[in-house]
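Let's take a friendly walk through the aromatic rings of this protein. Have the structure open as you read.

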Amino acid sequence: MVSMSFAAAAHPFLKRAVQIIPSPNFTLLNHKFPPSLFHAPLTSSGTIGICHVAQAIKGDSEFLLKGVVNEEVKHIFEMAKRASLRREVLYTNFLTPPVLKESMVILEKLADVKVFSQGGYPEAERCRLSVGHPEALTTEPDIVAAISISGNFGFQPCSHGDFLGSILGTGIVRDKVGDILLQGEKGAHVLVVQELVDFLTMSLDKVGNVPVTCKKMPLIALEYEPPRTKTFKTVEASMRIDAIASAGFKISRSKLVALISDGDVRVNWVTVSKNNTTIRSGDMISVSGKGRLKIGEVNETKKGKFAVELIRFL
């Protein structure tokens, strides 16, 4: 075994130092956010084997991306390398939690790469990454903005999907939009990329059948609450998605199968196409028009069935 200092010297993209990103006391727009706003600091693995160094020298991308199948994660990895080499800062769009988590794990293996994760508020689900060389990425970039969509929703309540559909109806692609925070009868607060704020404030004039006013708002004015959930249990013969999701959303299995066929069912934000897709503890299932369902603790019964804890988001 050799020390990390030797490994780093042997190959410029192997991690040389711990990047503490960002400080828990970092101030954004004169508002001090708690550490939960950001993802855990990157850490160094300490030592690395000579054989690993040799493999990385031959082809660092192939070595460091071993086992990674998500093309979006691979793209972020290459983007980070490019940013480091050119001493510049590059940004992703809003990433789903699985892509964000896997990207952070991969990026900690790169030397001379600093990373900021931003979603606009502490519990943000979708976040953007800023990646760059430490000499270029010295402060947290201002890349997440918030807009307020207001209207009279007292008689025509609109769902998360209604707001998202109206935003995408203006021609914006999904990954330019972050979390949508429903505000009941008042409307919603929406996180978006900075460069689309003016476009949305001019283009978005209706959600469902409700006329709306859209304007930029400061991040510190966002109103959000922890999601309301309902927890219950079911006992199923298998952990297939058609069995678990039908029980969780209280719909027939045939209806759930039809939704899968229509591309309306996702597991961990990825559309599924097979009824027999296996579900595991920790998975998030979402169905268009039905909401989201998280899989909690799973235990096998004495009869070989599965007792599953289901957490339904209300």
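A good place to begin is a charge and a ring: Arg292 sits over the face of Phe313, 4.6 Å from the ring centre. Keep in mind that the model you are viewing is a predicted one.

Next, turn to rings that meet other rings. Searching the whole structure turns up 2 aromatic pairs. One of them is formed by Tyr121 and Tyr224, whose centres are 4.8 Å apart and whose planes make an angle of 45 degrees. Why is this pair called tilted? Because its 45 degrees is neither under 30, which would be stacked, nor over 60, which would be edge-to-face.

Where do these two tyrosines come from? Tyr121 belongs to the loop between strand E6 (114-118) and strand E7 (128-132), and Tyr224 to the loop between strand E13 (213-217) and strand E14 (229-236). The pair thus links distant parts of the chain, 103 residues apart. As for their surroundings, Tyr121 is buried, at 7% relative accessible area, while Tyr224 is partly exposed, at 35%.

Now move on to Phe153 and Phe163, an aromatic pair that is tilted, with 5.3 Å from centre to centre and 45 degrees between the planes. Phe153 lies in the loop between strand E8 (144-150) and helix H5 (160-168), and Phe163 is in helix H5 itself, 10 residues apart. Are these rings buried or exposed? Phe153 counts as buried because its relative accessibility is 2%, under the 20% cut-off. Phe163 is buried too, with a relative accessibility of 1%.

Terms used: Residues numbered from 1 in each chain as written. Predicted model: local features only at pLDDT ≥ 70, side-chain atom pairs only at ≥ 80, totals over all residues. Heavy atoms only, no water. Phe/Tyr/Trp six-rings, centres within 6.5 Å; stacked < 30°, edge-to-face > 60°. Helix = DSSP H or I, 4+ residues; strand = E, 2+ residues; numbered from the N terminus. Buried < 20%, exposed > 50% of the residue type's maximum accessible area, 1.4 Å probe, protein only. Lys NZ or Arg CZ within 6 Å of the ring centre and 35° of its normal.
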